[in-house]
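Reader: I have a structure here that I don't know yet. Can you walk me through parts of it?

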Amino acid sequence: MTAQKPPRVTMTITAPVGDGGADSMMRHKGRAFILALYQALRATKLYPIGHSSVQRALEDIATYSREIAATEGELELRVSGEFIFVNGTRLRLDLDNYAAFSHVLSVFRVAGIGVLHAGDAAAARDWQVLLSLAQGGTDASPHDRLYEIMEKLDAAGVTAFTLAEPAAESGEDRERSKERAKRTYSQSVAVTKDLMTSVRMGKSPNIKKIKRVVQSIVDQILNEEASLIGLTTIRDYDEYTFTHSVNVCIFSVALGKRLGLTKLQLYDLGMAALFHDIGKSRVPVEVLNKSGSLTDAEWRHIADHPWLGVLALFQIRGTQEFPYRSMVVAQEHHMKTDLTGYPRPIRARHMSMFSKIVAAADGFDAATSRRAYQTVPYNPAEVMKEMRDNPRRGMDPVVVKAFINLTGIYPVGTLVVLDTFELGIVHAVNPLPEMLARPIVRIVSDPMGNLMNPGTLADLADRKDDGSFLRTIIKTENPDRYGIRVSDYFV
Ligand SMILES: [Fe+2]
Ligand SMILES: [Fe+2]
């Protein structure tokens, strides 16, 4: 067993007809291989080794890997961040293979495997040994796990594989991407403020500048979504209208990505999301910021913001290039899927996909924020549950499902009480799809309630030796009760 790359044998792959060529063939075969790998991982967990499902799954995976190795000389599987590469070709992630991809990614991550080379001699039995080693539970760090696995493969006489660590993402890289996210976020808020103020004053905003901001949000969500999502917890009270629009834009783009939209569609969606409440610039500030209950007339003012938004967008379009879909979103985002919201359409209609996405992002951010007429924000986990379970919220179930996949059942920023009596703030969704109720949390207090900042990260899917979980969420809590400002832990 060595950690070196074996020599590459000749490339004899033939390109299929049509464009894409070798790349598209690799993508196709690579995807079939990952799906087989996923089936095999699941089967070895669920059934004893001798079970026919396990054997069939292992045979499948050996066949696919041999096929790739036979045409390309070898099979190289490399995982990097959220991506999987087979022989250097990045596989496309879509909704159908989402579960398989994230499962394979997380097994590899935990086992410390960054690169796996398999020769064309790798047989079902070899895969069986590798997969059961990779899934064996231990408390060792990924680095130690990898070396443990390599030793055990040697001891078992399995020589078909060469493993290597992932290319290290240094602490510096992480800091840099966090800094980039912060810059994008504050720039977006500043640009949105400009935009709303110019519309309020009847001036035409600079759309080019706004497009650039939306593009950088899309680019960062595509490359590294966690940092920007973390920043949505800022929810600044004084700047609510602006941070709200930016948060809705971030959530919408991340949702659109999960739902398989293309980059160009994500640009349009991001614009539509950023402008969804532009009509509020035409509602008097006293009404928008009123803390008491609204009179009927004031409420009508607020309920006018969808069509006022459409008017404002038409005015912008008079002079500058602007996607039409934004107008549809401005008009529809409060309609609800059953059309019981506002404005009430005269004829039956279906909300556009963009509107459904923006409505979910909007509903979530609004309910979890502190605003003039909502001094106590709702708990993010409760809001997500309500959106999923209460049909009167008028949310699209597929979009909500993607939202829960994005943020977990306990969304980022939720304060949780653990069975160890520690407090934790949800930091990221668990990469294991079956662990949506067990996010990665930042432990922010000891069991005695002494607060710590920055605290330490803990994966709630981690288990003790006896197989029980190390930490489990008992309930969610209001951070105010503990004097905690959630955003302090994300900036
Ligand atoms: Fe709105
Ligand atoms: Fe909104």
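Reader: Which protein donors does the iron ion (ligand 1) have?
Author: This is a predicted model. In it, the iron ion (ligand 1) has as protein donors D277 (OD), H305 (NE2), H333 (NE2) and H334 (NE2), at 2.1 to 2.3 Å.

Reader: And how are those donors spaced along the chain?
Author: The spacing for the iron ion (ligand 1) is D-x27-H-x27-H-H.

Reader: What angles do the 4 donor atoms make?
Author: They run from 87 to 177°, and the site of the iron ion (ligand 1) is irregular.

Reader: Is H333 buried or exposed?
Author: H333 is buried, because its relative accessibility is 4% and the cut-off for buried is under 20%.

Reader: Which residue bridges the two iron ions, and how far apart do they lie?
Author: D277 bridges the iron ion (ligand 2) and the iron ion (ligand 1), and the ions lie 3.5 Å apart.

Reader: OK, what coordinates the iron ion (ligand 2)?
Author: H244 (NE2), H276 (NE2), D277 (OD) and D362 (OD) coordinate the iron ion (ligand 2), at 2.2 to 2.3 Å.

Reader: Why is the arrangement around the iron ion (ligand 2) irregular?
Author: Its 4 donor atoms subtend angles of 75 to 173°, so the arrangement counts as irregular. Four donors would count as tetrahedral only if all angles lay between 85 and 135 degrees.

Reader: And the sequence spacing there? What is it?
Author: For the iron ion (ligand 2), the donor residues are spaced H-x31-H-D-x84-D. H244 is in helix α9 (residues 240-258), while H276 is in the loop between α10 (263-274) and α11 (285-288), so this pair ties together parts 32 residues apart in sequence.

Reader: Are H244 and H276 buried or exposed?
Author: H244 is buried, at a relative accessible area of 3%. H276 is buried too, with 0% relative accessibility.

Reader: You mentioned α10. How many residues does it have, and which ones are buried?
Author: α10 has 12 residues and reaches 16 Å from its first C-alpha to its last, close to the 16 Å expected. The buried residues in α10 include L266, Y267, L269 and G270.

Reader: Different topic. How do the axes of α14 and α15 cross?
Author: The axes of helix α14 (residues 325-332) and helix α15 (residues 353-367) come within 9 Å and cross at roughly 50°. That makes α14 oblique to α15, and the crossing is right-handed.

Reader: Last one: where is T162?
Author: T162 is in strand β5 (residues 161-164). T162 is buried, at 12% relative accessibility. T162 and M150 are 12 residues apart in sequence, and their C-alpha atoms are 8.4 Å apart in space.

Definitions and conventions: Residues numbered from 1 in each chain as written. Chains lettered and ligands numbered in written order. Predicted model: local features only at pLDDT ≥ 70, side-chain atom pairs only at ≥ 80, totals over all residues. Heavy atoms only, no water. Donors = N, O, S within 2.8 Å, 3.2 Å for Na, K, Ca; no water. Tetrahedral: all angles 85-135°; square planar, octahedral: opposite > 155°, others 65-115°. Helix = DSSP H or I, 4+ residues; strand = E, 2+ residues; numbered from the N terminus. Buried < 20%, exposed > 50% of the residue type's maximum accessible area, 1.4 Å probe, protein only. Expected span 1.5 Å × (residues − 1). Axes fitted to C-alpha atoms, helices over the stretch in contact; angles between N-to-C directions. Parallel < 35°, antiparallel > 145°, perpendicular 65-115°, else oblique. Left-handed = near helix turned anticlockwise from the far one by under 90°.
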